[in-house]
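Trainee: I would like a close look at a single part of this protein. Please put it in context for me and keep the steps short.

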Amino acid sequence: MFNYGNFKSFSIKIFLGLFFLLLSLFLFASFVSNNSSDPGFGITINSNSIFNWGGLPGAYISSFAFVFLGYSAYFFPIFFFITSLKFILGFKNRFILLKFTFLLVGIFIFNLSLTMIEVDNSILGSLAVNF
């Protein structure tokens with residue numbers, strides 16, 4: 001714990017930790033406040049009132065994530081939050097890209113299984129079942 005190394009390594013780890021923390025909070029706030037009346041994937045609305053807490057980018061990101069991934073999109077903010085805590089607290093944080101790849105494969109398998117038992121109907125799961 002608190003294994004930062006020199007000052008350059010310390011500043012990079014803190015910067016990455018704060019970046020991933022802000023990204024996870026933005027994604028979580030956007031997903032929680034997703035509203036069907038906001039513009040999004042395949043939805044164009046000329047209204048100036050956007051109810052998503054992330055604004056227009058948050059509305060598009062949450063709409064895209066829920067259309068393609070369903071509720072398994074919540075795994076992304078959780079992953080980024082845990083990664084940010086590891087960076088900020090100085091824990092060893094190796095193989096991040098490999099872990100992210102496993103996250104993507106896990107989400108794919110999770111969506112496939114939910115679609116097969118007809119619980120969730122995301123596009124990713126529907127494409128995998130019909131393939």
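Trainee: To begin, about how much area does the protein chain expose, and what share of it do carbon and sulfur atoms supply? Then please take me to the loop between helix H1 and helix H2, and to Asp38 in particular.

Mentor: Remember that this is a predicted model. Your surface question comes first. The protein chain exposes about 8,600 Å². Carbon and sulfur atoms supply 73% of that area.

Now the overall layout. The chain has 5 helices and 0 strands. Read from the N terminus, the order of elements is α-α-α-α-α. The C-alpha trace spans about 50 × 40 × 15 Å along its principal axes. Of the 131 residues in the chain, 31% are buried. Next, look at contacts between residues with a separation of 6 or more. Residues 24 or more positions apart account for 55% of them.

Now your loop. Helix H1 covers 7–32 and helix H2 covers 55–69, with Asp38 in the loop between them. Asn52 sits in the loop between H1 and H2, and Gly40 lies there too. Keep these three in view.

Start with Asp38. The residue is buried, yet it has no salt bridge. Where is the nearest side chain of opposite charge? It belongs to Lys86, 32 Å away. A salt bridge needs the charged atoms within 4 Å. So Lys86, at 32 Å, does not pair with Asp38.

What does the side chain of Asp38 reach instead? It reaches the backbone nitrogen of Asn52, at 3.0 Å. Leave out residues up to four places away in sequence, and Asp38 also has a list of contacts. Among them are Ile43, Ile45 and Ile50, along with Phe51 and Ala59. Ser33, Ser49 and Asn52 are on the list as well.

Move across to Asn52. Is it buried or exposed? Its relative accessible area is 5%, so Asn52 counts as buried. With sequence neighbours up to four places away set aside, Asn52 touches Asp38. Asn52 also touches Ala29, Ser30, Ser33 and Asn34. Gly58, Ala59 and Ser62 are further contacts of Asn52. Note Ser33 and Ala59: each appears among the contacts of Asp38, and each appears among those of Asn52. For a distance, take Asn52 and Ser62, which are 10 residues apart along the chain. Their C-alpha atoms are separated by 8.9 Å.

Gly40 comes next. Gly40 counts as buried because its relative accessible area is 5%. Set aside its neighbours within four places, and Gly40 is in contact with Ala59, Tyr60 and Ser63. Ala59 turns up again here. Gly40 and Ala65 are 25 residues apart along the chain, with C-alpha atoms separated by 10 Å.

Now step outside the loop. The largest nonpolar core has 13 residues. Phe31, Ala73, Phe76 and Phe80 have the most contacts inside it. H1, H2, helix H3 (75–89) and helix H4 (96–116) each give two or more residues to this core. H3 gives the most, with 4 residues. Take Ala73 as an example. Beyond its neighbours up to four places away, Ala73 touches Phe31, Ala65 and Phe66.

For contrast, visit some residues with higher accessibility. Phe95 is in the loop between H3 and H4. Why does Phe95 count as exposed? Its relative accessibility is 52%, and the cut-off for exposed is over 50%. Its backbone deserves a look too. Phi of Phe95 is near 60 degrees, a positive value in a residue other than glycine. Most residues other than glycine have a negative phi.

Val119 is in the loop between H4 and helix H5 (123–130). At a relative accessible area of 59%, Val119 is exposed. Val119 and Phe28 are 91 residues apart in sequence, and their C-alpha atoms are 22 Å apart. Phe108, in helix H4, is partly exposed, with a relative accessible area of 36%.

Finally, return to your loop. Asp38 is buried without a salt bridge, and its side chain reaches the backbone nitrogen of Asn52.

Terms used:
Residues numbered from 1 in each chain as written. Predicted model: local features only at pLDDT ≥ 70, side-chain atom pairs only at ≥ 80, totals over all residues. Heavy atoms only, no water. Buried < 20%, exposed > 50% of the residue type's maximum accessible area, 1.4 Å probe, protein only. Lys, Arg positive; Asp, Glu negative; His and termini not counted. Polar contact = N/O pair within 3.5 Å; in protein donor to acceptor, adjacent residues only side chain to side chain. Contact = heavy atoms within 4.5 Å. Core = buried A, V, L, I, M, F, W, Y, C linked by side-chain atoms within 4.5 Å. Areas by Shrake-Rupley, 256 points an atom, 1.4 Å probe, with all protein chains shown as cover.
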